[in-house]
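Thanks for coming. I will go through one model this morning, and you can follow along on the screen.

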Amino acid sequence: MDLTETKISSEPIFEGTFLTISRDKIRLPNGKESSRLVARHPGATCVLAVTDDDKVILVRQWRYALGKPLLELPAGKLDVDGEDTEACALRELEEETCYRAERAKLVHTFYTAPGFCDEKMYLYLAEGISEGSSLENDEDEFTETVLMSREEIKAAILNNEIEDGKTLVGLQYWLLNS
């Protein structure tokens, strides 16, 4: 069965610094027409960093849209078209925590909200972790570093204390592969 939806036209609704939203008119596989709201995003990285004593480095960050803080893996958007995703992951770890990594290995990619957004997330596993970041958060970003053991992570997931999708993907990867 052909599931392809074909764009007929596109009307821009919003153009921001890193996000654009459009209303697209489409042709459905059955030949009928419909519309889709689409958010275009440059992509982002998240980084799973585990200390030598087997604790995951997380950040607690206020999420305005939710009206509460979330526990998350360090993450951030690609700053420029074509930015190296590994460099972005390493930068975000340093900006959001007091830790740095020598390198990072890509372990998985996924789409964050494919029903309306094309954001692709790159999950990296940081290697060669040490304290001593030389970078700071962006001017409008405030984070608190939180270290959690394997048992604390399992309990937090079971108690619904970790609600962020990218973080759940990264932590499940860690729990299943280490």
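Helix 2 is followed by Asn160, a residue with a positive phi, near 60°. When I say helix or strand, I mean DSSP runs numbered from the N terminus: H or I over at least four residues for helices, E over at least two for strands. This is a predicted model, so local features need pLDDT of at least 70 and side-chain atom pairs count only at pLDDT 80 or more, while totals for chains, interfaces and linings use all residues. Residues are numbered from 1 along each chain as its sequence is written, and side-chain values use heavy atoms, leaving out hydrogens and water.

Let me stay with helix 2. Which residues of helix 2 are buried? They are Arg150, Ile153, Ala156 and Ile157. Buried here means under 20% relative accessible area, exposed means over 50%, and partly exposed is what falls in between, using a 1.4 Å probe and protein chains only. These four residues cover an arc of only 125° around the axis, so they sit on the same side of helix 2. The arc is that of the directions from the helix axis to the C-beta atoms. On the face turned away from that buried side, helix 2 carries the exposed residues Glu151 and Leu158.

What covers the buried residues includes strand 5, strand 10 and helix 3. Helix 2, residues 150–158, lies across strand 5 and strand 10, and runs at about 110° to strand 10. Contact means heavy atoms within 4.5 Å. For angles, axes are lines fitted to C-alpha atoms, for helices over the stretch in contact, and the values run from 0 to 180 degrees between N-to-C directions.

Strands 5 and 10 belong to an open sheet of three strands, ordered 6-5-10 and paired antiparallel. Its edge strands are strand 6 (68–72) and strand 10 (143–149), each of which pairs on one side only. On average, neighbouring strands in this sheet are turned by 30° against each other, direction ignored. Two strands pair if DSSP finds at least two bridges between them. Strand 5, residues 55–63, and strand 6 have five bridges, in the antiparallel sense. Arg60 stands opposite Leu71 in strand 6.

Now the other open sheet I want to show. It has four strands in the order 7-4-9-8, with mixed pairing. Strand 7 (75–77) and strand 8 (99–111) are at the edges with a single partner strand each, so one side of each has no neighbour in the sheet. From one strand to the next, the twist averages 25°. Strand 4, residues 44–48, pairs with strand 7 in the antiparallel sense over three bridges, and Cys46 stands opposite Ala75 in strand 7. Helix 1 packs on this sheet, touching strand 4, strand 7, strand 8 and strand 9 (120–131), and its direction makes about 120° with that of strand 8. Helix 3 also packs on the sheet and touches strand 4, strand 7, strand 8 and strand 9; its direction makes about 40° with that of strand 4.

Helix 3, residues 165–177, has 13 residues and reaches 18 Å from its first C-alpha to its last, close to the 18 Å expected at 1.5 Å a residue. The expected span is 1.5 Å times one less than the number of residues. Its buried residues are Lys166, Thr167, Gly170, Leu171 and Trp174. They cover an arc of only 120° around the axis, and therefore lie on the same side of helix 3.

Two glutamates next. Is Glu92, in helix 1 (residues 85–96), buried or exposed? Glu92 is buried, at a relative accessible area of 5%. Leaving aside residues up to four places away in sequence, Glu92 touches Thr45, Pro74, Ala75, Gly76 and Lys77. Glu15, in strand 1 (residues 6–15), counts as exposed at 61% relative accessibility. The C-alpha atoms of Glu15 and Ala39 are separated by 9.8 Å, with these positions 24 residues apart along the chain.

Last, the overall picture. The chain has three helices and 10 strands. The chain is divided into domain 1 (6–40) and domain 2 (46–109 + 122–177), with bounds from an automatic or database domain assignment. Taken over C-alpha atoms, the centres of the two domains are separated by 32 Å. The C-alpha trace spans about 60 × 35 × 30 Å along its principal axes. Of the 178 residues, 39% count as buried.
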